[in-house]
Amino acid sequence: MTEVIVLNGGSSSGKSGIARCLQAVLPDPWLALGTDTLVDAMPASMQASDAGIEFAPDGQVIVGPEFRTLEAAWIEGVAAMARAGARIIVDEVFLGGADSQQRWQKALGELRVLWVGVRCDSAVAAGREVARGDRVIGMAASQADVVHRGMVYDLEVDTAHAESMECARTIAAHVS
């Protein structure tokens, strides 16, 4: 039985919408947690420090050692919840590509994980980013491809060509 679904894609690629749709279509209750949850839980000072997380004016995201420490604890905590019986949908942005996936793989260990690449054309994601109004302009375009470098997925969906619910149904069909 799948215990964790990891959705990886750039900013504004549609991961959060897919996660909400998955919660609606999967028969059991699933928790949706993601990198935005982690960042929102951090003190504001973490966003004003080289050691924390910085959102550059061009959309680049720079993370420091204090962020990495908290992120490692976060990942272990999510894995512990899954081991305790919670089914988890992880909404992530693997800025480090394969290195980011390896950090999650190590923490998730023996858990049954469905790795899903959420792709979206950079121009489409950039348009969504502008419409949202809550992101640094340029983040979507800078992340659209880099988050998928070196990744190994069980499944990929493309939100530039399919709505969130259609993507969720495709993913749900692969949940065993």
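Biologist: Where does Tyr153 lie?

Modeller: Tyr153 sits in the loop between α6 (139-143) and β7. Keep in mind that this is a predicted model.

Biologist: Is Tyr153 buried or exposed?

Modeller: Go by the relative accessible area: under 20% is buried, over 50% is exposed. Tyr153 comes out at 16% relative accessibility, so it counts as buried.

Biologist: Which residues does Tyr153 touch, leaving out those up to four places away in sequence?

Modeller: Its partners are Asn8, Trp115, Val116, Gly117, Arg119, Val147 and His148. As for Ile53, that residue is 100 places away from Tyr153 in sequence, and the C-alpha to C-alpha gap is 27 Å.

Biologist: On to the sheet. In what order do the strands come?

Modeller: With a sheet, read the order across it and then the pairing. Here five strands make an open sheet, ordered β2-β5-β1-β6-β7, with parallel pairing. Each of the edge strands, β2 and β7, pairs on one side only. On average, neighbouring strands are turned by 20° against each other, ignoring direction.

Biologist: How many bridges join β1 to β5?

Modeller: Five, and the two strands run parallel. You can follow the register residue by residue: Leu7 has Asp91 in β5 as its bridge partner, and Asn8 has Glu92. That's the Asn8 that Tyr153 touches.

Biologist: And what joins β2 to β5?

Modeller: Five bridges again, with the strands parallel. Look at Trp30, which stands opposite Arg87 in β5.

Biologist: How many of the six residues of β5 are buried?

Modeller: Five of them, leaving β5 mostly covered.

Biologist: Which residues of helix α1 are buried?

Modeller: For a helix, list the buried positions, then ask what covers them. In α1 (residues 15-25) the buried ones are Lys15, Gly17, Ile18, Ala19, Cys21 and Leu22. Their cover includes strands β1 (4-8), β2 (30-34), β5 (87-92), β6 (113-119) and β7 (155-158), along with helix α7 (164-172).

Biologist: Last one: the largest pocket. How much space lies in it, and which residues lie nearest its centre?

Modeller: For a pocket, take the volume, then the lining, then its chemistry. The volume is about 650 Å³. Its lining has 37 residues, and Thr35, Asp36, Val93, Arg135 and Met139 lie nearest the centre.

Biologist: How does that lining divide into nonpolar, polar and charged?

Modeller: You get 13 nonpolar, 11 polar and 13 charged residues in the lining of the largest pocket.

Terms used: Residues numbered from 1 in each chain as written. Predicted model: local features only at pLDDT ≥ 70, side-chain atom pairs only at ≥ 80, totals over all residues. Heavy atoms only, no water. Buried < 20%, exposed > 50% of the residue type's maximum accessible area, 1.4 Å probe, protein only. Helix = DSSP H or I, 4+ residues; strand = E, 2+ residues; numbered from the N terminus. Contact = heavy atoms within 4.5 Å. 1 Å grid on protein atoms, 1.4 Å probe; cavity = no way out; pocket = protein on both sides within 12 Å on 5 of 7 lines; lining within 4 Å. Points joined across faces, edges and corners; volume = space filled by probe spheres on them. Nonpolar A, V, L, I, M, F, W, Y, C, P; charged D, E, K, R; others polar. Pairing = 2+ DSSP bridges. Axes fitted to C-alpha atoms, helices over the stretch in contact; angles between N-to-C directions.
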